[in-house]
Amino acid sequence: MADTLLAAADAVPPADRRSALLALVRAGEAICVTGDQFRYAEVARRAEALRRPGDPPDLDLLATFAVGVGATLRGDHARGGPALRRVVVLGGRLSGPALTPGALVCAAAAALLVAVDGPAHRLAGRAVEVARTRGELSLLPRSLELRAVAEYWLGRHEAAAETAREGVRAARATGQHACAQVHLGILAVLAAVRADRAGALARIAEIGDGAAPGSRPDAYARWALGVLDLIDGRYADAVARLSTLARTGTGRGQVLVQVMATPYLVEAAAHDGGRPAAALAVFDHWASSTASPSRRALAARCRALLAPRGGPEAEREFHTALRLHPADSDRFERARTELLFGRELRRRRRPRDARAHLHRARETFTVLGATVWADRAGEELRAAGESVGPVPHGPEQLLTGQQLHIARLVAQGATNREIATRMSLSTRTVDHHLRNVFHRLGVRSRTELARLLA
């Protein structure tokens, strides 16, 4: 596919630089999906040659995106970062004929690479809307993929799963089998990080044997399996899986998936006594090149886990991570940091200090419906000398405030349209929240929901 698109770029008349740049960008995406990122250097070189001073915004965006991705993939964040941030700005300014799904997809991907998750989510959502409006449905699966990844980084796991399920449907409807596998891989990871073994394995089974080694779907599947290994205490197996998602320094494999999975790799290695220096160096270098508090928090947590046991460095890095974790997003990762810090303090025979962190972790996991993780925090609390009961599984503990409000209105007999009007929401948003309510409470109908709340 990449060779075909590169050949298409060669065949474009010299005057039609827009079509040539589009073909190059799509070739670059195909290269990344298959895991041959070392070839992106050619895409970046050819895009650079097509740039002209005073180019219109959409041409400037496409060329700058290819150049920025090429620099980022070889670890040159000093050059890649500014280029990609410029792409994000240009994407937000597109209008008229220049406002295309292809340009918006580039802008959303650029935003994820420089870790500005809010703009990435908005740009990807806009790409979804424009693709549907213009009937360019071939770009819908990629747009949905980027939206799902943005939701993952924002800690909106249920929204990301809903987006990925929509991506599977869109990819299958347009005959894009590999794109459907990518979305199934995202669903497998989302299930695994929530300790949903059955859900993760079911999605991996759907991917089947068709995913080529080193491809993006294959990497997502191995990431999910590595997380399940970590949760089950098979630390050496987790390290073996997660350390081979990309081959550092060669440009082969899934460099970007490896970066996303690095916090889990480091956690497994800390248990196993290893030090994944190369993967952590890549993650740390990237995180420090961004202005993202959440990425820097994860990098600090990784350093804390690998610091000498019982020394001041680990505690200092854990405190740094908790200071950096945004208070208004990604509560799941903050709770994971609280759990890991609490466990470290307990093992250092400081149970009183550990309990505060473990209580906060348990409360957050309970609210998020991550009951397996809540149970882990409860186990650590008991080991720290605290008597705790089982994780509460009632609606008040498992639902967010907005979800509980919607559930109660449903139990009173309100329709989704009536709820949307009363709460100033769209009916689509109410539908989404209600599906999550059903999933969290384990009910299948409005009648069952009303009976449970009664």
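Here are some notes on two helix pairs and the cavities in this predicted model.

1. A word on the ground rules. The model is predicted, with local features needing pLDDT of at least 70, side-chain atom pairs counting only at pLDDT 80 or more, and totals for chains, interfaces and linings using all residues. Residues are numbered from 1 along each chain as its sequence is written, and side-chain values use heavy atoms, leaving out hydrogens and water.

2. Let me start with helix 13 (residues 235-242) and helix 14 (residues 255-272), whose axes come within 8 Å and cross at roughly 150 degrees. Helices here are DSSP runs (H or I, at least four residues), numbered from the N terminus. Axes are lines fitted to C-alpha atoms over the stretch in contact, with angles from 0 to 180 degrees between N-to-C directions. Helix 13 and helix 14 are therefore roughly antiparallel (angles over 145 degrees count as such, and those under 35 as roughly parallel). Their crossing is left-handed, a term for a near helix turned anticlockwise from the far one by less than a right angle.

3. On the helix 13 side, Tyr235, Ala236, Ala238, Val239 and Leu242 make the contact (heavy atoms within 4.5 Å). Their partners in helix 14 include Gln258, Ala261, Tyr264 and Leu265. By class, the residues of this contact are 10 nonpolar, 2 polar and 1 charged (Ala, Val, Leu, Ile, Met, Phe, Trp, Tyr, Cys and Pro are nonpolar; Asp, Glu, Lys and Arg charged; the others, Gly among them, polar).

4. Next, the cavities: there are 3 of 30 Å³ or more. A cavity is a set of points on a 1 Å grid over the protein atoms alone where a 1.4 Å probe fits but cannot get out, and its lining residues have an atom within 4 Å of a point. The largest holds about 80 Å³, the volume being the space filled by probe spheres set on the points. Among its lining residues are Tyr152, Trp153, Met260, Tyr264, Arg301, Asp330 and Glu333. Helix 14 gives the most, with 3 residues. The lining divides into 6 nonpolar, 1 polar and 3 charged residues.

5. Finally, helix 4 (residues 57-73) and helix 6 (residues 101-113) have axes that come within 10 Å and cross at roughly 30 degrees. This pair is therefore roughly parallel, and its crossing is left-handed. Leu61, Leu62, Phe65, Val69 and Thr72 of helix 4 meet helix 6 residues including Ala103, Cys106 and Leu113. This contact has 10 nonpolar residues, 1 polar and no charged.

Note on methods: Helices (H or I, at least four residues) and strands (E, at least two) are DSSP runs, numbered from the N terminus. Angles under 35 degrees count as roughly parallel, over 145 as roughly antiparallel, 65 to 115 as roughly perpendicular and the rest as oblique. On a 1 Å grid over the protein atoms alone, a cavity is a set of points where a 1.4 Å probe fits but cannot get out, and a pocket is an open set with protein on both sides within 12 Å along at least five of seven lines; lining residues have an atom within 4 Å of a point.
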